[in-house]
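Let's take a walk through this one, with an eye on its rings and on how its pieces pack. Have the model open while you read.

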Amino acid sequence: MKRQLGIARCGLACCLCSENETCAGCNSGECRGKDWCENRKCSVGKNYIGCYGCSEPNCTKGLLSKIKPAAFCEFVRRYGTEKLLDCLERNEKNGVVYHREGIKGDYDDFDDAEELIDFILTGKR
């Protein structure tokens with residue numbers, strides 16, 4: 001885990017991403033998606049650190065149309081970034097894998113955001 005990379009503007013975990021060997025994260029100024037990422041453009045335009053700083057309910061722009069980023073953003077709204085990083089780090093130490101095959105991992109097998117939030121908190125299904 002590269003904790004210093006933190007959480008992306010869309011809520012995904014840059015700190016655990018399999019691309020973090022070559023990517024410095026979306027807040028680095030070197031983001032490969034800075035010209036096309038809808039979530040980055042929107043949060044920068046609204047002067048938010050990320051989508052989780054926005055008060056727009058049920059936003060589905062860009063990656064927020066998917067369960068994982070939407071749930072991660074909601075988690076940060078409720079508990080904060082540090083709590084998310086702490087939970088992700090603990091879960092990783094306990095064998096939970098963020099990217100197992102390509103960009104799919106143990107956090108991707110959910111159809112319900114609340115169930116995923118509970119999984120992040122507990123590390124258990």
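A charge counts as sitting over a ring if NZ of Lys or CZ of Arg is within 6 Å of the ring centre and within 35 degrees of the ring normal. Keep in mind that this is a predicted model. With that rule in hand, look at Arg125: its charged end sits over the ring of Phe110, 4.0 Å from the ring centre. The charged end of Arg125 also sits over the ring of Phe119, 5.5 Å from that ring's centre.

Those two rings have dealings with each other as well. Phe110 and Phe119 make a tilted aromatic pair, and both residues are buried. Phe119 has a second partner in Tyr107, and that pair is edge-to-face. Here are the two pairs side by side:

| Aromatic pair | Centre to centre | Between the planes | Geometry |
|---|---|---|---|
| Tyr107 and Phe119 | 5.4 Å | 65° | edge-to-face |
| Phe110 and Phe119 | 5.2 Å | 40° | tilted |

What does the pair of Tyr107 and Phe119 tie together? Tyr107 lies in the loop between H3 and H4, while Phe119 belongs to helix H4, so the pair joins parts that are twelve residues apart in sequence. Tyr107 has a relative accessible area of 1%, so it counts as buried. Phe119, at 4%, is buried too.

Now zoom out a bit. The model has six aromatic pairs in total. Ring pairs link Phe72, Tyr98, Tyr107, Phe110 and Phe119 into a cluster.

Two members of that cluster, Phe72 and Tyr98, also turn up around Leu12. This leucine is in the segment before helix H1 (38-45). Setting aside neighbours within four places in sequence, Leu12 touches Ile7, Leu63, Lys68, Pro69, Phe72 and Tyr98. Leu12 and Leu88 are 76 residues apart in sequence, yet their C-alpha atoms are 11 Å apart in space.

Finally, the helices. How do H3 and H4 lie relative to each other, parallel or perpendicular? The axes of H3 (residues 81-93) and H4 (residues 113-122) come within 7 Å and cross at roughly 70°. Angles from 65 to 115 degrees count as roughly perpendicular, and the two helices are therefore roughly perpendicular to each other. On the H3 side, the contact is made by Lys83, Leu84, Cys87, Arg90 and Asn91. H4 brings Phe119, Ile120, Leu121 and Thr122. Sorted by class, this contact has five nonpolar, two polar and two charged residues. So Phe119 shows up yet again: the ring under Arg125 is also part of the contact with H3.

Key
Residues numbered from 1 in each chain as written. Predicted model: local features only at pLDDT ≥ 70, side-chain atom pairs only at ≥ 80, totals over all residues. Heavy atoms only, no water. Axes fitted to C-alpha atoms, helices over the stretch in contact; angles between N-to-C directions. Helix = DSSP H or I, 4+ residues; strand = E, 2+ residues; numbered from the N terminus. Parallel < 35°, antiparallel > 145°, perpendicular 65-115°, else oblique. Contact = heavy atoms within 4.5 Å. Nonpolar A, V, L, I, M, F, W, Y, C, P; charged D, E, K, R; others polar. Phe/Tyr/Trp six-rings, centres within 6.5 Å; stacked < 30°, edge-to-face > 60°. Buried < 20%, exposed > 50% of the residue type's maximum accessible area, 1.4 Å probe, protein only.
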